[in-house]
Amino acid sequence: MDIVITAILAFFIHLAPIALKLKLDSLYHLNSSSLITLAAIVLLQMALLALPGKTWRMLATAILLPLILSTILNFLSLAIFASPISLSGVVSILQSNPAEALEFTETYKSRILLTLALSLTLSLSLLYFYWKSRVQTSYRLSAALLAGGLILSIPLLAKAMESPKLAAWDLHEVVYADRLLTSLLRYRGQMIAWNQERARWQNRGDVATGLELKRVDAAKLAPLVIVIIGESTTRNHFGLYGYPRNTTPKLEQMRDDLIVFDDVITPTAHTIPAVMGALCSEKLKAGEINCNAATMIDIARGAGYKVSWISNQTQIGFDDSSIVHLGKSADKAIFVNQDVSSAGEADRNVSLDAKVLAPLKSIIANVEKSGEKNMVFIHLMGAHFTYEKRYPDAQAIFGSSDRIELAEGIKDPEAQSMINHYDNAIAYQDELLAEIFGAVKESSKEAVSLYFSDHGEEVFASKNFHGHSDDNLTPAMSEVPFILSFSDSYRKAHGKDLEILKSYSDRPFITSQLTPSLSNLLGLRYKSLDETKSLFSAAFEPELRKTAKGTYEPKAKPQLGQR
Ligand SMILES: [Zn+2]
């Protein structure tokens with residue numbers, strides 16, 4: 001009997017929340033090493049609970065109680081956010097005001113009550129049976145369970161010997177029980193950084209007034225504008241840009257509907273300065289992160305757009321609060337990735353980008369119905385390291401036996417598999433982009449969509465290295481995809497303009513000039529807008545492109561696809 005109770009308790013604390021997560025989030029997936037880690041945790045907890053005698057039982061209960069509390073809260077968090085307790089969730093709750101909290105409780109009242117009733121009843125009865133069961137447990141049983149648990153821990157322990165941090169990340173992803181503690185511990189530090197950033201945004205003053213925004217060509221102000229910001233995506237791995245592997249079949253199919261700019265770079269390989277630089281009306285230097293002028297969001301609102309920010313990057317993470325504040329300056333900010341691991345290392349986490357589709361589609365449907373002008377910014381997780389977590393296993397195209405010719409001097413034994421994972425992540429982006437561009441194409445409203453990546457990524461193209469860093473900037477980190485797509489209705493109304501735009505697709509451009517360009521594309525002008533900086537203007541003048549490493553010098557074309 002006892003063994004059954006201990007097994008049910010272990011199931012309740014460790015497996016049931018994971019099972020609920022799998023059920024609620026069709027994109028969430030576990031790999032075999034996660035399953036082994038989970039089995040090890042279950043056996044270790046059962047070993048503790050199988051120890052005989054009252055003293056052991058009291059000790060075990062002392063460990064069980066906080067675990068059970070954490071489990072109940074995990075169930076609540078899953079029922080509401082479809083994700084376990086996370087720093088993002090804790091922040092959402094602790095940062096809300098009483099009115100918001102009341103509205104929130106009203107909205108989720110039945111779910112909260114049902115989850116609480118079920119999980120409390122279950123945990124109290126399990127504890128009761130654990131204490132009341134007559135048949136004695138034994139040291140032998142406990143030792144057997146401990147041995148099993150230890151054997152299953154070997155892969156994780158081996159990983160910990162190599163890198164304790166990586167092992168801790170892996171553990172955090174499946175062991176939800178510790179998340180309450182770790183999330184609360186990190187909350188304070190996060191708040192200090194958060195408040196500093198908030199103060200900075202508030203002190204920006206009334207940036208919109210100084211803009212002197214004008215509509216100079218009202219016909220160009222498309223009612224639906226979608227700006228997709230990719231992550232760690234180099235165009236050099238797009239089949240569309242000449243990469244020898246067919247990583248972007250869907251985009252290639254719709255190529256005639258797209259304008260594919262083939263000489264766009266970003267000045268920096270870091271997300272915050274890259275995104276802030278692209279969306280600031282004042283040109284920021286390569287590593288600068290503070291935009292003290294109007295942002296593209298301010299400009300869009302000034303022009304009458306309702307602005308939404310949909311992000312699959314975490315709301316809380318390293319020090320990404322600048323982008324979160326930028327996102328929150330929109331009329332509506334939706335962070336679909338609540339699932340940051342409690343260690344805060346969002347990039348280790350699984351939150352596939354397809355999560356942005358549901359809120360995006362509801363906005364598009366609303367534009368069709370209401371006729372309201374909407375601009376939507378979508379911030380993706382893209383192809384950020386860890387690459388194998390950026391696509392569902394079922395959608396892998398390149399497997400371990402697929403090989404690609406490596407550049408001279410690339411000797412890292414991991415290079416082949418990293419490139420395969422990266423290319424699978426790109427192929428997943430291809431599907432996602434094709435779906436968004438497809439929805440834009442079919443919109444009855446005049447619609448424009450722009451996709452670019454914050455920065456690229458080095459994946460063993462010219463160095464024995466994968467990742468991105470300004471200290472170590474390589475061409476693959478600077479060279480990004482930059483693609484425009486339109487609705488058929490826009491195409492009909494602006495056919496001539498599109499022909500002209502197409503002729504601009506080989507212009508040398510840097511994303512720190514995106515805001516004047518996009519404003520110009522929409523027929524807007526503001527006081528400091530310099531048309532010679534606009535990629536989409538006849539007045540465009542190429543500038544010397546400065547990156548964090550100095551002046552960018554493109555290799556002779558065709559450079560794309562060569563490895
Ligand atoms: Zn980035």
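This report walks through a zinc site, a sheet and a pair of helices in a predicted model.

## The zinc site

Let's begin with the metal. The zinc ion is coordinated by two OE donors of Glu231, by OG1 of Thr271, by an OD atom of Asp454 and by NE2 of His455, at 1.9 to 2.7 Å. Along the chain, these donors follow the spacing E-x39-T-x182-D-H. Glu231 sits in the loop between β2 (224–230) and α10 (249–253), while His455 sits in the loop between β8 (447–453) and β9 (458–459), so the pair ties together parts that are 224 residues apart in sequence.

Are these two residues buried or exposed? Glu231 is buried, with a relative accessible area of 0%. His455 is buried too, and its relative accessible area is also given as 0%.

## The seven-stranded sheet

Two of the strands just mentioned, β2 and β8, belong to an open sheet of seven strands. The order is β3-β11-β8-β2-β7-β5-β6, and the pairing is mixed. At the edges are β3 and β6 (332–335), each of which pairs on one side only. From one strand to the next, the twist averages 15°.

For a parallel pair, look at β2 and strand β7 (residues 374–379), which are joined by six bridges. Here Ile226 stands opposite Val376 in β7.

## Strand β11 and its neighbours

Strand β11 (residues 482–486) is a good place to pause, as five of its five residues are buried. Both of its faces are covered: Phe482, Leu484 and Phe486 lie on one side, with Ile483 and Ser485 on the other.

Which strands pair with β11? Strand β3 (residues 258–261) pairs with β11 in the antiparallel sense over four bridges, and Ile259 stands opposite Leu484. Strand β8 also runs antiparallel to β11, with five bridges joining the two. In that pairing, Ser449 has Ser485 as its bridge partner.

## Two helices side by side

Now for the helices. Helix α14 (residues 357–370) packs against helix α15 (residues 415–442) at an angle of about 10°, and their axes are 11 Å apart. Because of that angle, α14 counts as roughly parallel to α15.

Which residues meet here? From α14 come Leu357, Leu360, Lys361 and Ile364, and they meet Leu432, Glu435, Ile436 and Ala439 of α15. Sorted by character, the residues of this contact are six nonpolar, no polar and two charged.

Note on methods:
Residues numbered from 1 in each chain as written. Predicted model: local features only at pLDDT ≥ 70, side-chain atom pairs only at ≥ 80, totals over all residues. Heavy atoms only, no water. Donors = N, O, S within 2.8 Å, 3.2 Å for Na, K, Ca; no water. Buried < 20%, exposed > 50% of the residue type's maximum accessible area, 1.4 Å probe, protein only. Axes fitted to C-alpha atoms, helices over the stretch in contact; angles between N-to-C directions. Parallel < 35°, antiparallel > 145°, perpendicular 65-115°, else oblique. Contact = heavy atoms within 4.5 Å. Nonpolar A, V, L, I, M, F, W, Y, C, P; charged D, E, K, R; others polar. Pairing = 2+ DSSP bridges.
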